[in-house]
Amino acid sequence: MAVAVEIPKLGNTVEECLISRWLKEEGQTVAAGEPVVEIETDKTSFEVEAPIDGTLLARFFNKGELVPVFTKLFVIGNPGESVEEFRPQAEGAHAGSEAARPEEPSAQDKHPEPVGRAGANASATSSSAAWSPRARRFAEEHNFNPQAVAGTGPCGRVLENDMRALYHSSARVSDAAGQGVRNGAFAPREGSGIGGMVLAADLAAPESRISGVREKIARRLRESLAGTAQYTLNTSADARGLLLLRARIKASSSAPEININDLMTFCTVQALLEAPHLNVLFVDGTIRQGRGVHIGFACDTPRGLLVPVVHDAQALSAAALAARIKELSAKAVEGTIPADDLSGGTFTISNLGGLGIESFTPVLNPPQVAILGVNAIQLKAVRKSGMVEFIDSIGLSLTLDHQVIDGAPGARFLKVLREKIESVEQICTI
Amino acid sequence: MYDLIVIGGGPGGYEAAIHAGKMGKKVALVEKQWIGGTCLNVGCIPAKTFLRSSRLFRECGEAAAYGVRVGTPVFDMPAVVERKNHIVATLTKGVQGLLKRAGVEVIIGHARLVARNTVEVGDVRYEAANLLLATGSRPAVPPIPGIQSEFTLDSNSVFELQQVPKSIAIVGGGYIGLEFACFFQEIGASVQVFEMLPDIAAGADGEISARMLRILTKKGIEFHLSAKVLRIEGHTLHFAAQDGAQGSIEAEYILNSTGRRANVEDLGLEKVGIDFSPKGIKTSEQGKTNVPGIWACGDVTGRRMLAHAATREGIVAVNNMFGVKDAVRYNALPAVVYTHPEMAMVGRTEEELKAAGTKYKKSLVPMAVAGRYLVEHEDGTGVVKVLCGAEFGEILGVHAIGDASSEFIIAAAMMVETEMSAPHASQLVFPHPTVSEALREAIAAIN
């Protein structure tokens, strides 16, 4: 009569054991009391003995596997007896087991430990999931949590000895630094304490994850630079009209709130209506002429750069445009702007003039083919009837996609825009 | 051509020379006066010898409380000086033996730098790949009229006193002043201490300093804090008290213990372009000066004027000059004041933590929680204070008042040095019955 032997419960907290070594082969005869297999827990290791004389008929687990307590380990009986009734159920039934079967390489890829302790750069990598219970216990007791340990167990499983060897060859981490590491800080390989002990002062701040918005910005800008042929044209326009108009608006109590940026946006819309070759999208090798002028404007928000879009800006008066820009900006800053108002632009304006920028390279917002950078207003010397006159002048930096827009058409647009700016008092009726 | 020439034979210089000698380097040590330096000859060791005698003398007076009757004790000052001289001679000889065994060549004379790698002693020039400046310090002479009068002692001449003075006025309530205050008070002199600052033992934790003030006042030492000594005329010391009121006192002797000044003069430092000020030679935590190949350690750097700091700095400098990475971690440097009772401290003070904006937890327990302390001290007053970081729980500072604290402060230094957390430190076994158990209690009180 065959007898199955299961893992005894070795303590209140022990839920699983590691098969560290088989001492008998299948088919070998064993005497009662002879050790058959060596298992280890996080606290101890011991041998499971054969309860009766007989032949080792089956071994249900391989060396290195984690087995829940009370699971049948092996069967002893007479040759030819069936062992199937004893065979533990399939993997899925191992409730509570960590399912860390060593032959599954995924165990090493899962749960990468985020903490880097000193001495963590071993040649092989492992996650704590591939540590034996005793190795894990050692790590816990010694406040040691290496990123990678070269395991010498089956399939690279990290055994206690591996952990011990790494621990004793690594610089120590002080209690304080250890606490910091658990809080997410990064430890260097060697610190400034005794014998290279890593102290709290040696820790690097935890890496801060960029926000979702920033991630999106980063990806879009990378794609923009990778997928287009950007170049920038710089020029300037006489801004005296702009300043006069702005002064008039400010002085008037009845005039709507319109600032220089609003006026520049208004002039740009007018210029795009006259030079619509820039108000296009370049998608999959085709140029799509927009029906309206949908102006995006770069908006600095606490969450990063957002580009709200004023749809059909050509239909708006300067005052209505200004009001819409103000409304969208407020929503963008608050974080309440609807997604629809952040898409569908055909042209973008980025105004850094208020921050004193004199010239810059705006980055395209594909599939748009142009973006206008508005710079600070500066004094510029101009020759006029043999005299030198200083005039207020606003800088313009236009980035274009050379795939679609060549230099001359780009320059022609800027010429139109300059004319609009210089005649702003005429085209913009308040 | 030497691998290293050390200038100065104090605890900074001689330990560094021996260390380099043991590394197999060709080393010379130049000393102009005393092998062993201030520490051995006119500092730590003589002071502790005096204090041992004064303690015994006091204890004879207190013996009845311990159930021991003795006759009237007599303090034999010449015998105390003689004992001190004997101990100093023994230790100096010991240092000379150590230097010899380490193969260090000792040159007696005054060394001056003449070039980056050249030292002149008398008419002889010596060349070395590395120079270690360990010239130490001397008692500061503050600009007080009459401070150099015939009844004024400094921390050198005080060791030659041949009789017990009736009264002594001590100018300076720092570590040195306090130790002498205890000594003279215990041997029966009336002692007054004048300190410019509002606290005694400048640099010590505020709470500890305040407690120490109470303890010493209770012993019978009179303190004048925030007081300015205006002038000294013979036996008369004129001072302005905290409130500005002027007064004067009479004392048989006046002891100047206003601090120490780095010995930076007459060394040729300017000649080789070393960055220094009257406060000391500037050094890195590896002991480097701004001039490659020239190193400095100890009091002459003005960093921490403690013998064991000098020793550590010297060894660190030698290690670095010969390719062994090392650095002084000043945050874990213990300090001990041999007042009665002793003070011992390591790490940050509460004031430093506040100034740095570090969040901390603290505990303060009386020394008397340790049975041994009560056994040893009939009227035992003393405390242990522990400061821990609030975020990580690491022990940042330990400050103690009480005899024997000087002997167990090294355990606290290890905790500070290794950033041990209070819960882990609580797992250490403190032997019973020892005074160190007070430290255990203070650590446990943090948790």
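In strand S14 of chain B, the bridge partner of B:Thr236 is B:Glu250. This pair belongs to a predicted model, and the report starts from the strands around it before turning to chain A.

## Strands S12 to S14 of chain B

S13(B) and strand S14 (residues 246-250) of chain B pair in the antiparallel sense, with five bridges between them. The two strands form a hairpin with five residues between them, and B:Gly244 in the turn has a positive phi of about 90°.

S13(B) also pairs with strand S12 (residues 228-233) of chain B, again through five bridges and in the antiparallel sense. Here B:Ile232 stands opposite B:Leu237. S12(B) and S13(B) make a hairpin too, with two residues between the strands, and B:Gly234 in that turn has a positive phi of about 60°.

Which residues of S13(B) are buried, and which are not? In a regular strand the side chains alternate between the two faces of the sheet. Strand S13 (residues 236-240) of chain B shows this alternation: B:Leu237 and B:Phe239 point to one face and are buried. B:Thr236, B:His238 and B:Ala240 point to the other face and are not buried. B:Thr236, named at the start as the partner of B:Glu250, is thus on the face that is not buried.

## The two chains

The table lists the content of each chain.

| Chain | Helices and strands | Residues and buried share |
|---|---|---|
| A | 10 helices, 18 strands | 430 residues, 37% buried |
| B | 12 helices, 24 strands | 447 residues, 48% buried |

In chain A, 62% of the contacts between residues at least 6 apart in sequence join residues at least 24 apart. In chain B, residues 24 or more positions apart account for 66% of the contacts with a separation of 6 or more.

The chains also touch each other. The contact takes 12 residues from chain A and 11 residues from chain B. On the chain B side, the residues divide into three nonpolar, five polar and three charged.

## The six-stranded sheet of chain A

Strands of a sheet pair through backbone hydrogen bonds, either parallel or antiparallel. One open sheet of chain A has six strands in the order S9-S18-S17-S16-S12-S15, and its pairing is mixed. Strand S9 (230-238) and strand S15 (309-310) of chain A stand at the edges with a single partner strand each, so one side of each has no neighbour in the sheet.

Strand S17 (residues 370-384) of chain A takes part in two pairings described here. With strand S16 (residues 347-351) of chain A, S17(A) pairs in the parallel sense over four bridges. With S18(A), S17(A) runs antiparallel, and 13 bridges join the two. A:Gly373 appears in both pairings: A:Gly373 is the bridge partner of A:Ser350, and the bridge partner of A:Gly373 in S18(A) is A:Ser397. S17(A) and S18(A) form a hairpin with two residues between the strands, in which A:Ser385 takes a positive phi near 40°.

## Helices H7 and H6 of chain A

Helix H7 (residues 260-274) of chain A lies across strand S12 (295-297), S16 and S17 of chain A. H7(A) runs at about 150° to S16(A).

Helix H6 (residues 240-251) of chain A has 12 residues and reaches 16 Å from its first C-alpha to its last, close to the 16 Å expected at 1.5 Å a residue. Where on H6(A) are the buried residues? They are A:Gly241, A:Leu242, A:Leu245 and A:Ile249. These residues cover an arc of only 100° around the axis, and therefore lie on the same side of H6(A). On the other side of H6(A), A:Ala247, A:Lys250 and A:Ala251 are exposed. An α-helix has 3.6 residues a turn, so residues three or four places apart point the same way.

The buried residues of H6(A) pack against several elements of chain A: S9, H7, strand S18 (387-401), helix H9 (407-422) and helix H10 (424-427). Among them, S9 and S18 are strands of the six-stranded sheet.

## The four-stranded sheet of chain A

Another open sheet of chain A has four strands in the order S5-S4-S2-S7, with antiparallel pairing. Strand S5 (45-49) and strand S7 (66-68) of chain A are the edge strands, each pairing on one side only. Neighbouring strands of this sheet are turned by 40° against each other on average, direction ignored.

Strand S2 (residues 16-22) and strand S4 (residues 35-40) of chain A run antiparallel and are joined by four bridges. Within this pairing, the bridge partner of A:Leu18 in S4(A) is A:Glu40.

Definitions and conventions:
Residues are numbered from 1 along each chain as its sequence is written. Chains are lettered from A and ligands numbered from 1 in the order in which they are written. This is a predicted model: local features need pLDDT of at least 70, side-chain atom pairs count only at pLDDT 80 or more; totals for chains, interfaces and linings use all residues. Two strands pair if DSSP finds at least two bridges between them. Two residues are in contact if their C-beta atoms, placed from the backbone, lie within 7 Å. Axes are lines fitted to C-alpha atoms, for helices over the stretch in contact, and angles run from 0 to 180 degrees between N-to-C directions. Ala, Val, Leu, Ile, Met, Phe, Trp, Tyr, Cys and Pro count as nonpolar, Asp, Glu, Lys and Arg as charged, and the others, Gly among them, as polar. The expected span of a helix is 1.5 Å times one less than its number of residues. A residue is buried if 20 or more other C-beta atoms lie within 10 Å of its own, exposed if 12 or fewer, and partly exposed in between; C-beta atoms are placed from the backbone. The arc is that of the directions from the helix axis to the C-beta atoms.
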